[in-house]
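User: I'd like a close look at one part of this protein, explained for someone in their first year. Could you start from a single residue and show me what surrounds it?

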Amino acid sequence: MRVYVPLTLSGLAEAHRAGELGTGPLVAYAVTPALREWYLSDDVEELEYAALNRAALASLRLLAADPGAARRRVVVAADVPDGAVAAGPDRGLDPAALGEVRVTGPLPLAKAAAVHVDSADAEADVSAAAEALAAADGGDDDAQFVVDGAEDHELLWYATQEIPNLV
């Protein structure tokens with residue numbers, strides 16, 4: 001199963017040093033039955049893109065919690081055995097948790113297929129979105145517009161061999 005793990009650049013640097021994304025359980029995003037139902041598509045590429053975007057939003061949440069982190073969203077795509085992934089049964093239909101799964105064991109960085117990172121020109125919008133996130137969660141439409149502005153930036157694709165240059 002392909003999972004999308006949200007990180008920050010400092011989190012990616014730590015994963016690079018440690019050789020793993022974590023020991024588990026790790027929050028990740030994947031194509032789950034609830035995500036399929038919400039997205040209303042059978043196109044696997046579209047569904048994986050939706051899971052990637054859910055992980056990008058989770059990365060934005062990590063940035064909002066860490067004001068010192070570089071203002072670029074980071075998502076690592078990794079392939080794990082189906083048995084290493086568990087969906088939260090109580091959160092499956094929660095709109096805030098669509099596509100959310102837990103990777104139950106260690107996730108070696110060697111299992112990463114690619115890294116997706118914002119370009120430098122997205123930093124201002126990502127920074128503004130991180131600052132507006134709490135207000136957007138509270139229902140502020142203007143703040144939601146700012147958060148959506150970060151989503152206008154496509155994450156760039158990097159091969160795993162490029163991680164040392166990213167960190």
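Which does Glu 123 count as, buried, partly exposed or exposed, and at what relative accessibility?

Analyst: Happy to help! This is a predicted model, where local features need pLDDT of at least 70, side-chain atom pairs count only at pLDDT 80 or more, and totals for chains, interfaces and linings use all residues. Residues are numbered from 1 along each chain as its sequence is written, and side-chain values use heavy atoms, leaving out hydrogens and water.

Glu 123 counts as partly exposed, because its relative accessibility is 32%. Here buried means under 20% relative accessible area, exposed means over 50%, and partly exposed lies in between (1.4 Å probe, protein chains only). The areas come from the Shrake-Rupley method with a 1.4 Å probe, and for residues only the protein chains shown count as cover.

Now for its partner. Glu 123 forms a salt bridge with Arg 72, with 3.9 Å between the closest N and O atoms. A salt bridge is a side-chain nitrogen of Lys or Arg within 4 Å of a carboxyl oxygen of Asp or Glu. This pair links distant parts of the chain: Glu 123 is in helix H4 and Arg 72 is in the loop between H3 and S4, 51 residues apart. Helices (H or I, at least four residues) and strands (E, at least two) are DSSP runs, numbered from the N terminus. Arg 72 counts as buried because its relative accessibility is 16%.

Helix H4 takes part in another such pair. Asp 137 forms a salt bridge with Arg 61, the closest N and O atoms being 2.7 Å apart. Asp 137 is in helix H4 and Arg 61 in helix H3 (residues 44-65), 76 residues apart, so this pair too links distant parts of the chain. Arg 61 counts as partly exposed, at 37% relative accessibility. By the salt-bridge rule above, the count comes to six.

Let's stay with H4, which covers residues 123-137 and also holds Asp 125. At 35% relative accessibility, Asp 125 counts as partly exposed. Asp 125 joins Asp 121, Asp 148, Glu 151 and Asp 152 in a negative surface patch. Patches are made of residues with over 30% relative accessible area and no salt bridge: like charges are joined within 9 Å, nonpolar side chains (Val, Leu, Ile, Met, Phe, Trp, Tyr) within 5 Å. Lys and Arg count as positive and Asp and Glu as negative, while His and the chain ends are not counted. Each charge is placed at NZ of Lys, CZ of Arg, CG of Asp or CD of Glu.
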